[in-house]
Protein chains: 2
Amino acid sequence: MAELGFIGLGIMGKPMAGHLLAAGHTVRVYDVVSESVKELASKGAEACSNSREVAQKSNIVFIMVPDTPDVEAVLFGKDGVTEGIKSGSIVVDMSSISPIATKEFAKKLAALGVKMLDAPVSGGQVGAEKATLSIMVGGQPEVFAQIKPYFEIMGKNIVYIGTNGDGQTCKVANQIVVGMTIEAISEALLFASKAGADPAKVREALLGGFAQSRILDLHGQRMIERKFGPGFRIRHQQKDLNNALEAAHKLGLSLPGTAIVQELFNAVAAQEGGSNLDHSALVLALEMLGNCKVSE
Amino acid sequence: MAELGFIGLGIMGKPMAGHLLAAGHTVRVYDVVSESVKELASKGAEACSNSREVAQKSNIVFIMVPDTPDVEAVLFGKDGVTEGIKSGSIVVDMSSISPIATKEFAKKLAALGVKMLDAPVSGGQVGAEKATLSIMVGGQPEVFAQIKPYFEIMGKNIVYIGTNGDGQTCKVANQIVVGMTIEAISEALLFASKAGADPAKVREALLGGFAQSRILDLHGQRMIERKFGPGFRIRHQQKDLNNALEAAHKLGLSLPGTAIVQELFNAVAAQEGGSNLDHSALVLALEMLGNCKVSE
């Protein structure tokens with residue numbers, strides 16, 4: 001029988017673990033923030049005092065933590081998952097981290113008889129709360145089949161990509177496209193505005209043609225209305241682009257557009273409170289460079 | 001009564017003028033290539049020996065030529081439109097050229113009592129032949145209303161943007177988005193492939209989420225299938241991006257992403273036959289830089 005564990009109860013992990021609980025599963029939970037553990041326990045979760053204890057009491061362990069070093073610590077650090085986990089168990093890492101590190105983690109777990117899926121999500125806090133996350137999965141197909149029912153409790157658009165790491169690779173590819181498309185819309189609308197045209201009319205015209213994208217629709221509107229509250233924070237987008245650029249460096253690949261986008265995010269992050277703005281606020285960097293605004 | 005003229009009978013202009021003829025209008029035509037004039041004349045057009053003659057015999061003059069200097073020569077050069085045109089006539093420039101130059105041309109024509117619309121199109125040769133072009137229009141609204149019936153003979157998605165030059169500004173914005181989105185898809189799919197994931201599965205997964213765009217759909221597929229025949233040629237995309245970068249320079253605006261995209265197109269154009277490939281072949285520049293391919 002499946003005994004579930006969930007490590008990492010932040011903005012994303014808390015509602016995700018909550019959905020598993022609400023579906024009737026017993027879930028062993030742990031987070032470095034003890035209030036989060038208590039909150040989940042008050043909803044029926046079994047509180048644990050570290051990742052080792054979660055692993056001891058579960059045979060399917062979900063992880064949702066911020067970055068690569070956090071996953072590494074949860075898995076292989078002191079009081080970590082690998083100190084408690086039984087052979088035959090499954091680790092499902094839903095964090096968005098390095099695809100290269102993920103392949104290494106999967107190998108080390110395999111040596112302990114533990115199978116791993118990488119299953120990063122997109123859809124943000126709203127998607128986590130409404131259980132409408134997109135989930136991109138890497139690992140063995142039969143392990144995916146086994147875990148799919150749990151993914152369906154937490155998300156909607158669940159896609160199996162390929163072997164270990166391919167889920168993370170897909171997430172990084174997603175964030176490359178998202179970042180650069182925001183840059184494209186920013187440059188286009190700022191150009192239109194500076195040249196004296198109405199950016200709202202230009203957005204509308206472009207939506208009807210080959211330049212159409214969901215980001216032109218949603219973030220184009222944000223830029224025109226200057227609504228830069230998150231949303232998806234610039235510091236999270238920057239972490240994902242860092243995974244892209246680091247992996248590109250290791251793989252021997254040049255991503256000049258991604259690099260530019262990361263640098264422009266750096267410029268926005270350099271402003272007071274900038275890194276907590278929505279990623280559509282990339283346009284602010286171009287506004288600084290051009291000493292002008294998309295709209296007043 | 002409307003007496004139509006059409007100057008510029010290339011890949012685009014020939015079918016566009018043909019649609020006006022087919023709709024029952026008399027059209028006076030001129031092109032520097034005399035075979036094109038003869039071809040249209042055989043379909044019922046009235047052949048003229050220069051732009052001046054077209055202007056003398058028409059009160060609505062359409063222009064569809066390659067670039068800013070060509071429009072300038074057609075309008076203000078020897079045997080040009082302004083040598084023959086009557087006050088009260090309308091010039092409709094459907095070429096894709098500089099928005100800044102367009103504003104100047106409109107002013108010079110206004111001084112002669114001639115009204116102007118800028119009405120660049122997107123949709124390429126296929127759109128011109130099938131009369132499904134998108135048309136982005138700048139100029140006075142009442143002049144737009146007067147010319148709209150003719151636009152409807154040549155296109156489908158006809159959008160009034162604003163004052164003189166705003167149609168060209170919108171077209172430039174469109175091409176900024178198109179170029180940079182191609183770059184985004186190129187980097188993402190090449191990253192996926194180099195990291196060992198199946199780019200076709202990554203494309204599919206991304207189409208279901210926030211990274212969705214028409215270009216991911218159509219040009220993502222082209223990159224995976226390596227179908228780089230035109231389509232929209234790199235040299236035409238480069239002309240449009242040149243209009244973006246030149247105008248940005250004059251306006252005092254920094255477009256770092258557009259600049260990178262133009263440079264990568266330069267790299268593809270440096271290869272034998274590269275400038276005549278479809279603009280989705282931008283990915284070839286990244287493949288050279290990364291010594292790898294999206295797919296074999």
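These are my notebook entries on a predicted model with chains A and B.

**Entry 1: how the two chains relate**

I began with the pair as a whole. Superposing chain A on chain B takes a rotation of 180° with 0.0 Å of shift along its axis, and the RMSD is 0.0 Å. The two copies are thus related as by a two-fold rotation axis. I then looked for the residue of chain A that comes closest to that axis, and found Ser213(A), with its C-alpha at 2.0 Å. Next I checked which surface each copy uses. Of the interface residues of chain A, 100% are also interface residues in chain B, so the copies meet through the same surface.

**Entry 2: Phe62(B) and the strands around it**

I moved on to chain B and picked Phe62(B), which sits in strand 4, residues 60-63. Is Phe62(B) buried or exposed? Its relative accessibility is 0%, so I noted it as buried. I listed its contacts beyond the neighbours within four places in sequence; among them are Leu4(B), Phe6(B), Leu20(B), Met94(B), Ile147(B) and Tyr150(B). Val92(B) is also one of these contacts, and it is the bridge partner of Phe62(B) in strand 5 of chain B.

I followed that bridge outwards. Strands 4 and 5 of chain B run parallel and are joined by 4 bridges. Strand 5 also pairs with strand 6 (residues 115-118) of chain B, again in the parallel sense and over 4 bridges. In that second pairing, Asp93(B) has Asp118(B) as its bridge partner. I wanted to know what covers strand 5, residues 90-93 of chain B, and found both faces covered. Ile90(B) and Val92(B) are buried on one side, and Val91(B) and Asp93(B) are buried on the other.

For a sense of distance, I also took Phe62(B) against Leu253(B). They are 191 residues apart in sequence, and their C-alpha atoms are 32 Å apart in space.

**Entry 3: helix 6, seen in both chains**

In chain A, I checked the length of helix 6, residues 99-110. Its 12 residues should span 16 Å at 1.5 Å a residue, and the end C-alpha atoms are indeed 16 Å apart. The N-terminal end of this helix is capped by Ser98(A), which has a side-chain oxygen 3.1 Å from the backbone nitrogen of Ile100(A). I noted the buried residues of the helix too, including Pro99(A), Ile100(A), Phe105(A), Ala106(A) and Leu109(A).

In chain B, I looked up Lys107(B), which belongs to helix 6 of that chain. Lys107(B) is exposed, with a relative accessible area of 66%. Lys86(B) is 21 residues from Lys107(B) along the chain, and their C-alpha atoms are separated by 16 Å.

**Entry 4: helix 9 of chain A, and the cysteines**

Helix 9 of chain A, residues 166-194, has 29 residues. It reaches 42 Å from its first C-alpha to its last, close to the 42 Å expected. How many of its residues are buried? I found 28 of the 29, so this helix is largely enclosed by the rest of the structure. Just after the helix, Gly196(A) takes a positive phi of about 95°.

Then I searched for disulfides, and the count is 0 over all chains. Why is Cys170(A) without a bond? The closest cysteine sulfur, in Cys292(B), is 18 Å from the sulfur of Cys170(A), which is too far. Cys170(B) is in no disulfide either, and the nearest cysteine sulfur, that of Cys292(A), is 18 Å away. I have Cys170(A) down as buried at 0% relative accessibility, and Cys170(B) is likewise buried at 0%.

**Entry 5: Arg203(B) and Ser295(B)**

My last stop was a pair of polar residues in chain B. Arg203(B) lies in helix 10, residues 199-207, and is buried, with 11% relative accessibility. Its side chain makes a polar contact with the side chain of Gln221(B) at 3.2 Å. Not counting residues up to four places away, Arg203(B) also touches others, including Leu189(B), Leu216(B), Asp217(B) and Ile224(B).

Ile224(B) came up again with Ser295(B), whose side chain reaches the backbone oxygen of Ile224(B) at 2.5 Å. Ser295(B) is in the segment after helix 14 of chain B and counts as buried at 15% relative accessibility. Leaving aside neighbours within four places in sequence, Ser295(B) contacts Met223(B), Ile224(B) and Arg226(B).

Key: Residues numbered from 1 in each chain as written. Chains lettered and ligands numbered in written order. Predicted model: local features only at pLDDT ≥ 70, side-chain atom pairs only at ≥ 80, totals over all residues. Heavy atoms only, no water. Helix = DSSP H or I, 4+ residues; strand = E, 2+ residues; numbered from the N terminus. Buried < 20%, exposed > 50% of the residue type's maximum accessible area, 1.4 Å probe, protein only. Contact = heavy atoms within 4.5 Å. Expected span 1.5 Å × (residues − 1). Polar contact = N/O pair within 3.5 Å; in protein donor to acceptor, adjacent residues only side chain to side chain. Least-squares fit on C-alpha atoms with pLDDT ≥ 70 in both. Disulfide = S-S within 2.5 Å. Pairing = 2+ DSSP bridges.
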